[in-house]
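Hi everyone, thanks for coming. Let me put the structure up on the screen, and then we can walk through it together.

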Amino acid sequence: MSRRSCPRPHRGFSMLMGSLLMSAAAAGSSTLDGDAATRGITGRIVVESEHGHVRGRPDLDLDSSILVRVADRDHADDGRWITELEFIGVDAGVFDLRESLVFDDGGSIDRIPPLMIEIVSNLATDAPSDVFLAEAPPASIVGGYRRLLFVVAVIWILVPVAVAIRRWLRRPPPPPIVAPSPTVLDRLEPLVRRAVDRELTVEERGRLELLLHAHWRGRLGLADDPVEAVRRIRTDPEAGRLLRRVESWLHAPGGRTPSAAELGELLAPYREPVREAAP
Amino acid sequence: MNDSNATTDPSTAAGETFARTVSSSVARTVVGQEVVVERILIALLTGGHLLLEGVPGIAKTLLVQAVGRAIDLEFKRIQFTIDLLPSDIVGSEILDPESGRFRIHKGPAFTNLLLADEINRASPKVQSALLEAMQERRVSIGDTTHDLPAPFLVIATQNPVEQAGTFELPEAQLDRFMLRHRLDYPTFDQEAEVVRRGLQLKLKRQGDGAVPMSAFDAIDESSPFHIRDLTQAMERVLEVHVSDVFVRDCVELVTLTRSHPDLELGCSPRAAIALVNASRARAFIHGREYAIPEDFLALAEDVVLHRIRLNYEALAEGRRGEDVLREILANLA
């Protein structure tokens, strides 16, 4: 039987030392080498037995004085079972490690000799201390690592699904209510009316003429280029004739303002659609 | 250049004849480019100056020389380079060794029609000297001030492609040009005609030797008009009527350039004056006794575009001055 404290030595070396220490013991026994393990620090012991491998008792918990785990298992050349154990002493004192062990086959642990180990504490006797006094890992808060992973996975899936559903359910906002911009005819109407009444100012005359250009541009389906459009409007038989009369009225030197009847006739093509469009 | 139903005055019909005759005289040498001829005539008739932009090889020099020949104008050309000096343009005082006195050597600015080729290649100092001469129509050499001949028209050219090693004209200088016209390549048929004419050029003999004739040698030497005809035409342009409505349209167009959200710099009042004057000349050329919206619409691009500057946002969006102007014209009413 061998016992050492951490750091953990090479496995082969450990097994060799265990074998040497066990050589004086009776077959299927282990012995304490006399060293003490420090409380809270992992110790190591090798148990050789003719009856099988040993392992930690399944009911050991954080309240037990000794915690044991199997580090390695092997077979000796003579057929004995070799079990390398790691243990942590929670309380200071001398303990028989057998109390924390069971055979794999469930047989009595008394079949091996006592495995006495001493756990020593580096702290004062009255110093309050707890080997396991540490904050629980986050996983333990939510019930374990697997559960935490499960929750994360569920959220991972649910969030995009929820977003997709929300988008799918969201209805497009109603289009903003915008007052339709006045059409060329809408803008022409008051100017034509005032022209017939011979009440146009210079500014209104200018706007009237340019709106007439815009009207013919739309009516003849001309491009947005106003320069090219005005050339084509002037060559159009109907539009050209009417616009030249307007030009003569508005731009010719000494040109008299036409009478109301003449203006009515001149601007009639632009008044008809207005009337038709009216409800 | 016919404009039916608008010609009532014989004097304006003479204007149409004047323009048509010059145009056909130029057409014997230069194929196409009728719009450029019209713009040169507008500049001549109004005393404005013209900036031509176009790639090399589209007959800018030939065209200007042909127009000058058609009206019997004295023509000179300056190729602007980085090492040009102001005295190379306006002239200088030189010491006459025989008399021992300084005498005036007049520079090429003393002419009727001055072609300033690639004006943006000269230093700003030289550009300023020319632009001052354009504005004041007089130059100072030594202690003496000399009036430039009348008419005096500067037609400057710029190559829009090669900008390396050039000095871009600032807006204030560009504003002095009444019109800036961009020349396009000729159409396919026009270019074919140019090539055909080139095939007909023969050799020009000089003594026993000879050199191939160029298009410049083919310029019609006869001048159907003279300076006095141009002066008469200029007087008639001043008789072209401009209505209040027309003035209002032009001023509104110019004003809108100052408030457009895509423009950092709008047009100056000089633009409105140029637009009205140029429209007047165009009306005269088209045989009308009054200006109509077609005139300022046709000239708006040449008058406005070199006087506006797009802001950074508009440039980042890939907007062009043409787009903005078109938008303004479409919304003018």
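Let me start with a question for you: is α2(B) mostly covered or mostly open? The answer is that α2(B) is mostly covered, with 11 of its 13 residues buried. Before I go further, please keep in mind that this is a predicted model.

So, let us stay with that helix. It covers residues 34-46 of chain B, and from first C-alpha to last it reaches 18 Å, close to the 18 Å expected at 1.5 Å a residue. Among its buried residues are Val36(B), Val37(B), Ile40(B) and Leu44(B), and also two charged names you might spot, Glu38(B) and Arg39(B). Right after α2(B) comes Gly47(B), and the phi of Gly47(B) is positive, near 75°.

Now keep Ile40(B) in mind. Which residues have the most contacts inside the largest nonpolar core? They are Ile40(B), Val67(B), Ile155(B) and Leu275(B), in a core of 114 residues. The element that gives the most to this core is helix α10 of chain B, residues 269-285, with 10 residues. If you click on Val67(B), you can look for the residues it touches: Val22(B), Val26(B), Val37(B) and Ile40(B), leaving aside residues up to four places away in sequence. Two of these, Val37(B) and Ile40(B), bring us back to the buried part of α2(B). There is also a second, separate core, with 17 residues, and it includes Ala37(A), Ile66(A), Phe95(A) and Leu97(A).

Let us zoom out to chain B as a whole. Its secondary structure comes to 13 helices and 13 strands. Of its 333 residues, 42% count as buried. And if you take the contacts in chain B between residues at least 6 apart in sequence, 77% of them join residues at least 24 apart.

Next, one pair of strands in chain B. Strand β3, residues 91-96, and strand β4, residues 101-106, run antiparallel and are joined by 6 bridges. One partnership to find on the screen is Ile94(B) with Arg103(B) in β4(B). The hairpin has 4 residues between the strands, and there Gly100(B) takes a positive phi near 75°.

Chain B also has some backbone details to show you. Where is the cis peptide bond that joins Ala150(B) to a proline? The proline is Pro151(B), and omega is about 0°. Pro151(B) sits in the loop between β7 (144-147) and β8 (153-158) of chain B.

Then there are two residues other than glycine with a positive phi. Ala59(B) has a phi near 70°, and its place is the loop between β1 (50-53) and α3 (60-70) of chain B. Asp72(B) has a phi near 60°, and it is found in the loop between α3 and β2 (75-79) of chain B. Are they buried or partly exposed? Ala59(B) has 20 other C-beta atoms within 10 Å, so it is buried. Asp72(B) has 17 within that distance, so it is partly exposed.

Over to chain A now. Here we have an open sheet of 3 strands, in the order β2-β9-β7, with mixed pairing. Which strands stand at the edges? They are β2 (36-38) and β7 (93-96), each with a single partner strand, so one side of each is left without a neighbour in the sheet. From one strand to the next, the twist averages 35°. β7(A) pairs with β9(A), residues 116-120, in the antiparallel sense over 4 bridges. As an example, the bridge partner of Gly93(A) in β9(A) is Ile119(A).

Last stop: where the two chains meet. Here 22 residues of chain A are in contact with 22 residues of chain B. On the chain A side, the elements giving two or more residues are α5 (202-219), α6 (226-235) and α7 (237-251). Which of them gives the most? That is α5(A), with 10 residues. By class, this side has 10 nonpolar, 3 polar and 9 charged residues.

A closer look at α5(A): it has 18 residues and reaches 26 Å, close to the 26 Å expected at 1.5 Å a residue. Its buried residues include Leu208(A), Leu212(A) and Trp216(A). After α5(A) comes Gly221(A), with a positive phi near 65°.

That is my tour, so please go ahead and turn the model around yourselves.

Note on methods: Residues are numbered from 1 along each chain as its sequence is written. Chains are lettered from A and ligands numbered from 1 in the order in which they are written. This is a predicted model: local features need pLDDT of at least 70, side-chain atom pairs count only at pLDDT 80 or more; totals for chains, interfaces and linings use all residues. Two residues are in contact if their C-beta atoms, placed from the backbone, lie within 7 Å. The expected span of a helix is 1.5 Å times one less than its number of residues. A residue is buried if 20 or more other C-beta atoms lie within 10 Å of its own, exposed if 12 or fewer, and partly exposed in between; C-beta atoms are placed from the backbone. Two strands pair if DSSP finds at least two bridges between them. Axes are lines fitted to C-alpha atoms, for helices over the stretch in contact, and angles run from 0 to 180 degrees between N-to-C directions. A nonpolar core is a set of buried Ala, Val, Leu, Ile, Met, Phe, Trp, Tyr and Cys residues joined through C-beta atoms within 7 Å.
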